[in-house]
Amino acid sequence: MGDIRQSLLPRDVLSAAKELLYHLDIYICNLVQSGRQPPQVDSKTQELVEEFILHTPKDRNTPARRMSALQELQLLEIMCSCFQEQSRDAVRQLMFSALFSLQGNQADESRMSLLGKLVSMAIAVGRVPILECAATWLQRTHRGYCVRLAQVLVDDYCSMVPGSGPTLQNIHNASPRFCCQFITAVTTLYDLATEELTPPLELLQMIVSWIQEDPGLVLINFLNTALSGNQPISSLDVTPLGGLMRWCVKASLIYSRDKKKGLTNGSNECEPEVGPLFSALHLSVLQVLMLLPNILNEKGLFGRLALLQVESLAALTSDLSRLLDQADKHTHTSSTDSSGLCELALDRLAQALQVAMANGALLCSREDLRAICSRLPHNNLLQLVLSGPVLYYNNIHTPPLAFSPHAAHSPIATHPPHAPHPPLAPSHPQYPAQPFLTGMQFPFRPSH
């Protein structure tokens with residue numbers, strides 16, 4: 001394709017970009033049809049894309065070509081039509097990669113700018129092929145750039161244009177793969193570290209409704225991806241489970257802290273309560289975790305692949321410990337409320353840990369878990385989880401022993417009731433006391 005540059009130079013910026021897209025489509029079709037594995041766009045073609053579509057000068061002495069806002073809109077429409085009319089997914093994916101795969105050069109900023117506008121338009125006009133290509137891009141790209149794309153979409157549909165939320169809501173039906181990757185990017189972006197890094201209410205409502213309607217949505221990327229050892233270390237997580245778990249655990253402390261600040265400043269008096277939303281989200285996350293045994297068994301990955309990483313869990317417990325310390329310092333005005341919120345955060349962590357370990361999402365020994373949670377204050381439910389036995393499985397193709405595959409039966413009606421015994425009397429002779437297990441350590445007793 002290097003020989004068409006001279007024919008593109010005399011054209012105006014829009015006409016040159018349109019012509020290059022046409023030749024790029026033909027070039028990639030021939031490349032895919034040739035059967036060369038893996039098909040790869042050559043450097044000359046990349047240079048043409050950077051010069052005539054991303055408008056990065058070929059050399060420093062050449063002035064940059066600029067598009068007007070109207071011309072840029074027309075280019076986005078042309079690109080939408082180009083991807084929509086191409087019926088072969090392999091060609092679309094390779095073309096999207098040629099346009100938007102980051103090269104580590106000065107053209108990357110133009111790439112990100114154009115990509116954000118293209119994906120935003122694709123959401124608005126329902127161009128599913130572009131959303132599918134963007135889902136693959138999110139899967140393969142450094143998480144820092146994925147977060148930037150997510151920020152653009154959140155700004156466009158939850159901040160800048162009032163009432164445009166329902167348009168973003170439709171991506172669940174249009175492209176579940178893109179929706180799953182978008183949730184993963186959003187939970188990475190909004191890590192609840194500061195008030196600015198809490199998700200907008202409309203976005204939170206959207207994500208909760210998506211997962212309530214289809215709990216398996218968060219596993220779509222995992223189900224449709226051939227996992228390999230060469231997965232980029234800096235890419236997004238395979239599922240948004242870790243990010244959603246972080247939201248649920250930290251939410252009660254973060255939002256109560258921000259609410260107090262708002263009341264002090266006289267601002268967010270009329271903000272709606274987000275507690276029920278995070279409660280619903282927490283329940284949905286637990287339900288998703290309980291779907292995993294059958295899925296992991298079918299893939300032969302039960303006990304071999306952790307969807308929740310120990311490193312992420314360690315970071316979460318560290319953040320939680322810091323938040324609990326901060327909450328403890330500000331309990332002089334509302335100690336009861338603060339204590340309840342702290343217990344809620346620890347309860348949710350304990351529930352998520354137990355369900356994740358029982359269903360194969362978290363591969364971690366109890367000893368390691370105790371070390372990770374050592375800085376957290378005492379909580380009855382968390383104590384039970386940390387002190388619980390190791391889960392063993394007789395066969396990886398059977399459900400975890402923590403959950404019985406049999407339906408619950410009604411109590412046996414003929415069982416005789418136990419006669420009441422006097423208070424403080426010794427143990428009933430036919431019911432011996434539970435012996436203390438010497439191997440079971442309880443190092444997390446409360447200090448007071």
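This is a short tour of the aromatic residues in a predicted model, one selection at a time.

**Start with the core.** Select Phe96, Phe178, Phe182, Trp247, Leu289 and Leu353. The largest nonpolar core has 133 residues, and these six touch the most other members.

**Zoom in on helix 11.** Show residues 176–189 and pick out Phe178 and Phe182, which sit four residues apart on this helix, about one turn. Their rings form a stacked pair, 6.3 Å centre to centre with 20 degrees between the planes. Try colouring by accessibility: Phe178 comes out at 0% and counts as buried, and Phe182 is buried too, at 1%.

**Stay on Phe182 and show what surrounds it.** Beyond its neighbours within four places in sequence, Phe182 is in contact with Leu138, Ala150, Leu153, Val154, Leu168, Ile171, Leu203 and Trp210.

**Hop over to helices 14 and 15.** Select Tyr255 and Phe278, both of them buried. Here the ring centres are 5.3 Å apart and the planes meet at 55 degrees; stacked needs under 30 and edge-to-face over 60, so this pair is tilted. Tyr255 belongs to helix 14 (residues 241–265) and Phe278 to helix 15 (residues 275–299), so the pair ties together parts that are 23 residues apart in sequence.

**Next, a cluster.** Pick Phe83, Phe96 and Phe100, which make up one aromatic cluster. Phe96 should look familiar from the core selection. For the whole model, the aromatic pair count is five.

**Last stop: a charge over a ring.** Select Lys299 and Phe222. Lys299 lies over the face of Phe222, 5.2 Å from the ring centre.

Key: Residues numbered from 1 in each chain as written. Predicted model: local features only at pLDDT ≥ 70, side-chain atom pairs only at ≥ 80, totals over all residues. Heavy atoms only, no water. Core = buried A, V, L, I, M, F, W, Y, C linked by side-chain atoms within 4.5 Å. Buried < 20%, exposed > 50% of the residue type's maximum accessible area, 1.4 Å probe, protein only. Contact = heavy atoms within 4.5 Å. Phe/Tyr/Trp six-rings, centres within 6.5 Å; stacked < 30°, edge-to-face > 60°. Helix = DSSP H or I, 4+ residues; strand = E, 2+ residues; numbered from the N terminus. Lys NZ or Arg CZ within 6 Å of the ring centre and 35° of its normal.
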